[in-house]
Amino acid sequence: MRMRLALPNTRQTVFIGWIALLSLLALLGVGTAIWVFKEGLVVTNLSNQVPWGLWITVDLSSIALSGGAFFLSALVYIAGIERFKPAARLAVFAGMLGYGAALCTLLIDIGRPDRFYHPLVFWNVHSMLWEVSMCIVLYFSVLTLEVFPLVTTHPFFDRLPRVRALAERIHKAAPMLAFLGLGFSMLHQSSLGATYGVVIARPIWFRPTMPLLFIVSAIAAGPALTITLALVVGWLRGRAIVPRDVLFEIARIAGLVLLVYLYMRFWDAMAGNYGYVPLRSEATAVLTKGSMALSFWSWEIVLGTVIPAVLLLWAAFTKREAELFIGSSMAVIGLIANRWHTTIVGLTTPLTTNPALTYPLIPSYTPAWTEWAVAIGIIGGVLLVFTLGVRYLPAFNPQSDSH
Amino acid sequence: MTAKTTLLSRREFVKLATQVGVSAAVVGAFVQIRGALTKAKAGSHGPVSDAYHWVMVIDLGRCTGCNYCTYACKATNDTAPGITWNAVFNDRQSFAKEVYLARPCMHCEHAPCVEVCPVGATYHRADGLVAMDYDLCIGCRYCQIACPYGARYFNWEDNNQPNPMAPEWGKPEIERRPRGVVEKCTFCTHRIDAGLENGLRPGIDEDATPACVNICPVKARQFGDLNDPDSKVSKLLAERESIQLREDLGTHPRVYYMLPERGEDQTCA
C-alpha cells in the first residue's frame, strides 16, 4: 500500500513544498487570528461605516462555492444520477472544508467569539442571520456525517472495525443526508442573500431578487469549483479523480445555470433601476461607471459570468479540458467578485438623502494586513486539509482502494 | 394479526420506538438546556410599564450646534472615544439657512436593528424603547448595517481611558460596555426607570430626563409622554409642524424634528 502511494521524486519534492507552503500560510492565519483575539477588531480596517468587509466576503464565497456539495448530492441521491457519485464525493469533501472555513472566519469576525454559541441558544427567529447561523451549523454537521465514511476508508481504521461499522451505517443514510443537505442549503444559501435583501436602509440591497440571485449563483459556481478541483487533482496525479465525461456533463449544467443567473441578473438590473431610485441609482452608478466599474465589468460580469457560461457550454461540446478549466475557474472568481462588490457597494453608499446630511460621508474600505493574513491563512488551511485528504484517503484513490 | 399483514415486525417496532424515543429525549434535553441558559443569561428586563409613550422633540430652528448634548451624553453614558450616541450634524441643503441636526437613537416602533439581531440582544422594552442586552450581543454588527440612521456604534477596542467629558459635563451613570459589543443611545432609560420608581416625571424632573435634554442651553430638546395630552411634547407636536427622519421607510421613529419657522424670530416658539 505504502509503495503504491509513493510518488516519483521530483513530484514528491513539489508535493512536500506545497504542503509546507500551505502549512506556513495556515500558521500565519492562526497567529494573526490570535493577535486579533487579543487586540480586538481595532486592528482591522473595519469601521462603524463599513462594519463588514473581506471576512464576510470569505464567508459568503466559501459557502456559495460549497454549493456543489448539496447540488451534486441531490443529483446523485435524489435525482438518481449515479454516475455523478465521484464528483459529489469530491464536492462534499470540499464543501465540508468550505463550511469549516466559513465558521472559522465568522468566529474571528464577531466581536465576542466567546459567545459563538449564542445563536443556538438565544433565538430571534425574525433574523436572517439567526437562520443562516442555525443552518450553517446543522449543514456542517450533515457534511461531517457525509465525509465521515470517506475518512474511515483510510487504512488507519483497519484496527477500528466498530468505527468502520458506524461509518457503514451512516453511509447507508446517504440519501437521507442528501435530502437534509438540500433542505438546509435551499434555506441558507438564499437567506444569505436575504441577509442583504431585507435591509431597507440600503436600497442597492433591498430587493426581493437577492436571495434568488445568491442561490442560483451558488448552484452555478459551486459545481464549477468541483470541476476546477477535479481537473487540477487529475492533472497532478496523471489520472482522473472524476471521469472526464462526468465533468463535461456537470459543465453543461453549470453553464446553463450561469446563463439563467445572467438572465435573472439582467432583468433585476433593468427593472430595478428604471428611472431614478434614490441611493440605489447612485450605488448602481458606482458599480457600472464609478470607482468599482472596472472591477465590476471585468471580474464579475464579463470574465466572471459571461465568458465562463460560454466556455463551460463550449467545453461540454468540444470536450476540451482547457476551456473547461478556464471556464470553471473564472466562474469561481466571478462569484467571489460578486460577493465582494455586493458587500462593499452597499456599505459605501450614503444612508440617506433626506434630509441631505453631510453624514454619512462615503467611506472607503481597504482590508488591513490582519484581514488579509487571516483570510489567506484560512484558505491555506482549507487547501492543506483538502490536499492531504485527496492524497491519502483511499476514497479519492480508487486504484489503491481495497474494494 | 399475523406477522405477514403487519407493516413492522415487533422487533422493528421496538427499534423504531427506541429511536424515536431517544431523538425526542435529545431534543427535549436541548430545549431544557436552552430554557435554563436563556433564563440565566437574558434574565428579566425589569419592571417597565407600557403605559408611557416616550418621545423626544428636537427644534431644528432653535438648535445652535453647540454640541453640549453630545458632551453631556458622552459624560453621562461614559462612551468610549469615537462613540457618539448623540451626534450633531450640520445640514446646509435642506433649508434656506443652515440647520444643525442632532441624531440620537430614533427608538423606532418598527426597528430594523431589533428585527435583524440574530440573538435578540436588541429588543423592544414594554414601553417601546429599543434597548440592548450587552450580555447577549455577539458583536456581529448586523444591526449597524441595518440601522437607517447610523445610530449604532461598535466597541472596536477596550476603553480604559478616563472619560475626557467627565466631570465637566456630567458624572458617568452607567457601566462601561465591554469590547466587542454594539451600543447606542438609550434615551437614558436608567434615569427614566429610576425616576418613575421615585415618583418623578420624565421630561419635567431633571433626574428622570435624558442628559441631552437637560443640558440644552436653548431648550431645543423636549422629552415626555405622548400618551399624556398635557405633556410638553404632546402640545408641541399638536401645535407645530414636525418631521421624522426617513418616514418613507416605515420605521416610525420616536424622535420628532420641529422645522425652522420661516421668517420668525428663532428665540421664541
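Biologist: Two residues are in contact if their C-beta atoms, placed from the backbone, lie within 7 Å, so how many residues does the contact take from chain A and from chain B?

Modeller: 34 residues from chain A and 40 residues from chain B. This is a predicted model: local features need pLDDT of at least 70 and side-chain atom pairs pLDDT 80 or more, while totals for chains, interfaces and linings use all residues. Residues are numbered from 1 along each chain as its sequence is written, with chains lettered from A and ligands numbered from 1 in the order written.

Biologist: Which helices of chain A supply at least two residues each to that side?

Modeller: α6 (118–121) and α7 (128–151) of chain A. The largest share, four residues, comes from α7(A).

Biologist: Switching to chain B, how many helices and strands are there?

Modeller: Chain B has seven helices and 10 strands (DSSP runs numbered from the N terminus: H or I, at least four residues, for helices; E, at least two, for strands).

Biologist: Is chain B compact or spread out?

Modeller: Chain B is more spread out than a compact globule, because its radius of gyration is 25 Å, well over the 18 Å that the globule rule gives for 269 residues (taken over C-alpha atoms; the rule is 2.2 Å times the number of residues to the power 0.38). Along the principal axes, the C-alpha atoms of chain B fill a box of roughly 100 × 40 × 40 Å.

Biologist: What percentage of chain B counts as buried?

Modeller: 44% of the 269 residues (buried: 20 or more other C-beta atoms within 10 Å of the residue's own, placed from the backbone). Of the contacts in chain B between residues at least 6 apart in sequence, 61% join residues at least 24 apart.

Biologist: And α14(A), mostly covered or uncovered?

Modeller: Mostly covered, with 21 of the 27 residues of α14(A) buried.

Technical notes
Buried ≥ 20, exposed ≤ 12 C-beta atoms within 10 Å, placed from the backbone.
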